[in-house]
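Please take a moment with the sequence and the structure below. Then let us walk through them together.

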Amino acid sequence: MKFVPLAAAALATLAAALLLGPANVPLGDLTASPIIWQLRLPRALLAFLVGGALGVSGVGLQALVRNPLADPFLLGLSGGAGLGAVVAIALHLPGPWALPLAAFVGAVGAMALVYRLGLIGGAELDPRILLLGGVAVGAFAAAITTALVSLAEATELRNAFLWLWGGFSGASWTTVLVMLVYAPLPLVVLVAAARPLDLLALGEEPAQYLGADVRRLKQLVYLSASLLTAAAVAVAGVIGFVGLIVPHMCRLVWGRLHHTLFPTAFLTGGIFLAAADTVARTVVAPRELPVGIVTALLGVPLFAFLLRRWTVS
Amino acid sequence: MDRELIVAVSDLTCRYPGAPRDALRAVSLDVRASEFHALLGPNGSGKTTLLRAALGLVRPVQGRAEILGRPAGDWSRRDLARVVGVVPQREENLFPQRVHETVLLGRYPHLSLFGGVRAADRAAVERALVACDAVDLADRWLWTLSGGEYQRVRLARALAQEPKLLVLDEPTVSLDLRHEMELFELVRTLVDGFGLAALMITHHVNLAARFADQILILAEGRAVARGAPAEVLTRETVERVFSWPVAIEPFDGRPQMIPLRRHPS
Amino acid sequence: MRRWTPRTHLAGLVALAVAACARGERVPVRGGVAVTDDAGRQVTLAAPARRIVSLLPSFTEILFATGAGDRLVGRTTWCDYPLEALAVPSVGDGMPPSVEAVAARRPDLVVLYRSGPNVTAAEQLERLGIRTVLLDLNLLEELGPATRRLGTLTGHSRAADSLARVLDSLASQPPVSSTRSVAFIVWDNPAIVIGAGSYLDRLAALAGARNVFHDVGSPSAQVSIETIAARDPDFLAVLSDSAGPPAYASRPEWRVVRAVRERRFLFLPGQLFGRPGPRAAEAIRELRQRLEAAAR
């Protein structure tokens with residue numbers, strides 16, 4: 001029952017994303033206009049998919065590290081992605097896919113490094129070590145990135161950072177396809193882990209007594225959530241805040257059980273980011289705002305409102 | 001007719017990685033259906049280690065731990081959760097939840113991967129709440145419960161697993177007299193009425209003596225005494241294990257321990 | 001009626017003297033030269049500069065154009081025009097300037113573009129006793145004043161003034177009525193265009209091309225591809241030394257822009273168009289010619 005209003009909101013958001021924009025597309029030309037088909041539609045779909053991926057990834061990671069302040073980019077992924085992007089620019093790698101691919105590889109590299117740190121001393125992915133390791137790896141990657149930036153050409157790097165700060169300007173059917181092909185597997189793995197993740201909230205030992213194979217669960221959730229995030233970064237740069245706030249919003253409204261939380265977080269994340277991107281590209285037209293700013297400006301009051309409703313009830 | 005042997009620990013020796021001494025040394029324990037076992041001993045004597053090893057969470061250096069005839073390490077966690085219901089000493093509560101949601105978590109070992117909650121599951125939850133006298137708490141938020149109510153709810157969750165064995169790790173810590181008595185009486189009722197086996201780690205020597213069928217006393221990883229309360233709780237044993245002078249007085253057919261003052265007035 | 005005491009007179013005279021020193025140019029010693037640079041500093045040399053390090057390609061060009069090229073003892077790696085500049089030793093890429101490398105050339109004047117890191121470098125050079133001058137050079141209008149001041153400092157005032165007059169008159173020309181529209185694309189993901197208040201925008205206006213993003217106040221801005229398509233420029237101008245279409249031209253989302261579909265690109269060499277310089281008039285002519293050629 002809860003999905004009906006969400007699905008309706010999703011459709012409404014996508015419709016708004018198609019109809020609104022700096023170019024004036026008369027309604028009659030809607031189905032034939034290349035602006036709609038080549039620009040607005042893939043961009044809206046990509047924003048939706050990335051928002052959904054970040055929302056689901058945030059849910060998974062908050063459950064994994066048992067910390068409501070966890071964000072998908074807390075585990076060093078954004079640092080790794082940034083380093084990958086800068087290396088691609090510094091080496092003048094050719095092709096339009098060099099930057100996203102390098103960012104993806106960088107993010108995955110950071111993920112592997114943090115994973116390895118999480119296994120030190122038989123720690124078995126202790127959440128505290130994951131968090132600390134994530135901060136350390138992120139800082140390390142940022143340091144190397146800064147060193148590279150100071151040694152290489154200035155203008156190209158500035159533009160690489162603009163890309164990294166997140167946005168859907170480069171959206172195309174190809175990037176949509178990449179997400180559609182790539183995201184389902186980690187998504188399915190996370191959804192299948194819904195019940196064990198409910199148990200994990202009690203603590204690792206109680207979860208094991210209630211039947212969760214905690215070691216495998218942590219591995220699967222960590223890998224899936226990180227891969228989803230890495231894919232999102234590869235196509236859209238680093239968009240913070242979505243993975244942090246959307247899980248909380250959904251928990252406040254629909255409760256904390258993961259078999260509800262994952263689907264609602266996907267839809268809510270998608271709606272939120274698609275709406276934010278529409279605002280980002282229309283509110284100061286002809287210019288565009290970075291979408292990460294809009295998510296923060298929209299998200300904070302929304303979250304405060306929900307929090308108030310919940311604490312009053 | 002022999003009652004079903006649920007947990008069989010024989011000659012178990014365990015050592016944590018990097019530890020100077022064994023945490024457990026050649027400990028044996030048999031728990032059968034309809035038996036209430038109490039595990040006593042000073043802090044650090046290995047009680048929780050014994051629990052973990054018996055449930056396959058710690059690999060023994062020597063000896064065996066078996067559940068229903070199979071080695072504890074061979075059980076998948078899911079299958080084991082359908083046989084043993086544990087009320088751990090500590091758990092976290094990251095996000096607010098209601099009582100009936102928490103008890104439902106006990107049904108998770110019975111739920112299929114993508115299957116939903118069935119009527120049989122809800123019935124099991126209901127039965128568990130009734131058995132623990134917690135039906136009227138069903139819609140309350142966990143954080144509004146008192147200590148005693150909270151323990152009853154956690155016990156109901158373990159019961160919802162429909163286990164053969166209930167394991168409780170120091171369940172009456174920080175409970176007042178009434179709730180402490182109620183909990184022990186509840187466990188006794190479950191053992192007698194439902195044929196469950198129960199294994200409880202507790203510091204409350206006297207209540208263990210009153211309610212348990214068998215007591216195992218551990219000290220520094222070794223089993224000091226095992227058997228019926230009257231056999232086990234002698235003055236010599238208690239004074240040696242707990243390093244404190246006591247007097248033993250019978251009450252209701254069971255030995256009761258009275259600690260003596262070191263510096264009488 | 002106020003009574004003027006001797007103390008008031010003295011205070012007044014001191015105040016006047018201080019004011020006179022702060023404002024206007026200090027009277028140089030005989031043979032010396034002085035200018036006020038764009039950081040508000042008084043730059044004074046006992047004699048016209050004989051050993052100059054230039055830390056901006058445009059300044060290097062101006063120095064050669066005014067006949068002071070033989071005084072140059074240091075340049076950046078980017079300074080590639082005119083050809084004679086390549087014979088001058090390089091002191092690095094200048095971003096930020098390597099103070100040691102500059103000092104090693106033993107200059108008596110260092111010319112820097114006024115930016116944050118350069119201000120710091122200038123302070124460090126001054127501490128070593130090396131004179132520095134910081135000049136703005138973002139706009140067409142700033143070419144004239146920069147040229148004049150460099151002329152004063154090098155003792156080539158006549159040549160510099162005549163070049164400056166040409167540049168000033170260029171800067172004061174009104175925009176030519178335009179028949180073609182253009183958009184300058186400097187980056188594709190995200191799309192960054194050049195707006196008003198920039199050198200390229202002025203060049204376009206003087207060459208008879210309307211910058212479709214002239215309404216955007218800042219020199220560069222991020223826009224969506226959709227906006228570019230909606231404004232439908234006749235040409236897309238790209239700073240590039242090669243003549244092939246840029247990589248993004250083959251992507252389907254860019255082909256929504258008519259100029260991309262019809263391959264209407266203007267390739268502007270970076271050396272001539274990438275920075276304000278004394279060859280601004282040549283750049284404008286070049287742009288006008290390419291527009292007409294492409295239109296045919």
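Here is a short tour of how the chains meet, followed by a look at a sheet in chain C.

Keep in mind that this is a predicted model. There are 2 pairs of chains in contact, and chains A and C share the most contacts. Chains B and C, on the other hand, do not touch: 40 Å lies between their nearest C-alpha atoms.

Next comes the contact between chains A and B. Chain A brings 20 residues to this contact, and chain B brings 19 residues. On the side of chain A that touches chain B, α9 (194–200) and α10 (204–209) of chain A each supply at least two residues. The largest share of that side, 4 residues, comes from α10(A). The table shows how the residues of this side divide.

| Kind of residue, side of chain A that touches chain B | Number |
|---|---|
| nonpolar | 9 residues |
| polar | 4 residues |
| charged | 7 residues |

Now turn to chain C. Its open sheet has 4 strands in the order β4-β3-β5-β6, with parallel pairing. Why is one side of β4 (72–74) and of β6 (132–135) of chain C left without a neighbour in the sheet? These strands stand at the edges and each has a single partner strand, so one side of each stays free of a neighbour there. On average, neighbouring strands of this sheet are turned by 30° against each other, direction ignored.

Strand β3 (residues 52–54) of chain C runs parallel to β4(C), and 2 bridges join them. Within β4(C), G74(C) is the bridge partner of V53(C). Helix α2 (residues 57–65) of chain C lies across β3, β4 and β5 (109–113) of chain C, and runs at about 135° to β3(C).

Note on methods:
Residues numbered from 1 in each chain as written. Chains lettered and ligands numbered in written order. Predicted model: local features only at pLDDT ≥ 70, side-chain atom pairs only at ≥ 80, totals over all residues. Contact = placed C-beta atoms within 7 Å. Pairing = 2+ DSSP bridges. Axes fitted to C-alpha atoms, helices over the stretch in contact; angles between N-to-C directions. Nonpolar A, V, L, I, M, F, W, Y, C, P; charged D, E, K, R; others polar.
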